[in-house]
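These are my notebook entries on a structure that I looked up for the first time. I set down each point in the order in which I checked it.

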Amino acid sequence: MRRGLAFTLLVACAAAGVLSAAVLAASPSATTDTETTGTTTAPPPPPTTTTTTTTTPTTTTPTIPRPSTIAAGVTIGGDVLVGGLSPAEATAVVKTFFAQPLQLRLGKVTFRVTPKQLGASAYVGDAIKHARIFAPGANVPLKVAAPKQRLERYAKTLAKRFDRVAVDSELRLRDSKPLVTKEQQGRRLRQALVVRDLYRSLKTHARDPIVLKQDVIVPRATRASIGDVIVIRRGLNKLFYYNGMKLRRDFGVATGQSRYPTPLGKYEVIVKWRNPWWYPPASDWAKDAEPIPPGPGNPLGTRWMGLSAPAVGIHGTPDPASIGYSVSHGCIRMRNSEVAWLFTQVETSTPVYIVQ
């Protein structure tokens, strides 16, 4: 039995030796020294490093390409249908639409002006960008820049063209008779309304005719306002009383003698006196005279209408036989009854022409 146990141990040792030899043969760094020690030693294994790598998953959003044409039924500016068109085609259509001229009308005159001439521009590119992403049938606003300073300058240009200055009637003499020129009404363009209407049409893309309005300027003097005119023809010793250009009455008068002639020219009535006093003028012929109160012997009669000519007036006379002659000291004498009638007709500022 001991022999069997010894045999078993011997076999086990032999097997262990074979296994050790196999391990050493498999390791390149092993060192065998049979001559010195008679045993085989394997070096310790190298340290082992473990690396952990974390991978983040990547998510990619798919890009949806824009359609090559604008959706059906889309309009720009409310009136321009661009559905089914490419962006380039739609741009051309919108630009043509906006470039349409605005029409203006004044009376029988009609004229046109383009948005470009008014300095206006439309944001067509922005409108096209929005139209490409809008749903079918949508309307895309078309924004417009319309500088009011340019519109105001254009309104001033129109005013220079169409404004008219009022022309007053003028009183003249032709062949010793009054001639009153015809008045003319003036016109003034309402520039603020022009600017407002142009701005509104550009912003709303409206192209309906814009009717311009003007204010009427009434002349200060008209044929009807000229009123009374007196013409004294010195050579005929006659006074003509007109209403404008229409003769109402004529009268015989006495005018100044050659030494004291009635002055020629255009004057006006500046004062009117009933039953006047007569005061001696600063003249050699009256240096010793005394003032005369109203009454039958007063040299001025019963009425005095003083003129803007110094010391000259139209008045009555106690000497009706002098009418028709040049015998006064420069004034215009009339019969008392006739000068009283004329006195009630004319007002101060009535023009008086004294002609030869």
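In which strand is Thr-255 found? I located Thr-255 in strand S18, which spans residues 255-256. I note at the outset that the model is predicted.

**Entry 1: Thr-255 and Ser-326**

I looked up the accessibility of Thr-255 and found 0%, so the residue counts as buried; the cut-off for that term is under 20% relative accessible area. I then listed its contacts, leaving aside neighbours within four places in sequence. Among them are Ile-232, Arg-234, Asn-237, Thr-262 and Cys-331, together with Tyr-325, Ser-326, Val-327 and Ser-328.

I followed one of these partners, Ser-326, to strand S22 (residues 326-328). Ser-326 counts as partly exposed, at 37% relative accessibility. With neighbours within four places again left aside, Ser-326 touches Asn-237, Thr-255, Gly-256 and Gln-257. I also checked Ser-326 against Thr-262: the two are 64 residues apart along the chain, and their C-alpha atoms are separated by 9.0 Å.

**Entry 2: the chain as a whole**

I recorded 7 helices and 24 strands for the chain. It has 356 residues, and buried residues make up 33% of them. Of the contacts between residues at least 6 apart in sequence, 60% join residues at least 24 apart. The accessible surface comes to about 22500 Å², and carbon and sulfur atoms account for 55% of it.

**Entry 3: helix H7**

Which residues of helix H7 are buried? In this helix, residues 336-345, I found Glu-338, Val-339, Leu-342 and Phe-343 buried. They lie on the same side of H7, because they cover an arc of only 140° around the axis. The general rule is that an α-helix has 3.6 residues a turn, so residues three or four places apart point the same way.

I next asked what covers the buried residues of H7. The cover includes strands S15 (228-233), S16 (238-243) and S17 (246-252). It also includes strands S19 (265-274), S20 (303-307) and S21 (313-315).

**Entry 4: the largest pocket**

I noted about 560 Å³ of space in the largest pocket. Its lining consists of 24 residues, and those nearest its centre are Trp-278, Pro-281, Trp-285, Ala-311 and Cys-331. I sorted the lining residues into 18 nonpolar, 5 polar and 1 charged. Cys-331 had already appeared in my entries as a contact of Thr-255.

**Entry 5: two positive phi angles**

In general, most residues other than glycine have a negative phi. I therefore looked up two residues with a positive value, His-205 at about 65° and Asn-275 at about 45°.

Where is His-205 placed? I found His-205 in the loop between helix H5 (191-204) and strand S13 (210-211). His-205 is buried, with a relative accessible area of 8%. Asn-275 lies in the loop between S19 and S20, and at 45% relative accessibility Asn-275 counts as partly exposed.

**Entry 6: Thr-110**

My last entry concerns Thr-110, which lies in strand S6 (residues 109-113). Thr-110 is partly exposed, with a relative accessible area of 44%. Leaving aside neighbours within four places in sequence, I found Thr-110 in contact with Gln-103, Leu-104 and Arg-105. Thr-110 and Pro-209 are 99 residues apart along the chain, yet I read a C-alpha separation of 8.9 Å for this pair.

Definitions and conventions. Residues are numbered from 1 along each chain as its sequence is written. This is a predicted model: local features need pLDDT of at least 70, side-chain atom pairs count only at pLDDT 80 or more; totals for chains, interfaces and linings use all residues. Side-chain values use heavy atoms; hydrogens and water are left out. Buried means under 20% relative accessible area, exposed over 50%, partly exposed in between (1.4 Å probe, protein chains only). Helices (H or I, at least four residues) and strands (E, at least two) are DSSP runs, numbered from the N terminus. The arc is that of the directions from the helix axis to the C-beta atoms. Contact means heavy atoms within 4.5 Å. On a 1 Å grid over the protein atoms alone, a cavity is a set of points where a 1.4 Å probe fits but cannot get out, and a pocket is an open set with protein on both sides within 12 Å along at least five of seven lines; lining residues have an atom within 4 Å of a point. Grid points are joined across faces, edges and corners, and a volume is the space filled by probe spheres set on the points. Ala, Val, Leu, Ile, Met, Phe, Trp, Tyr, Cys and Pro count as nonpolar, Asp, Glu, Lys and Arg as charged, and the others, Gly among them, as polar. Accessible areas come from the Shrake-Rupley method with a 1.4 Å probe; for residues, only the protein chains shown count as cover.
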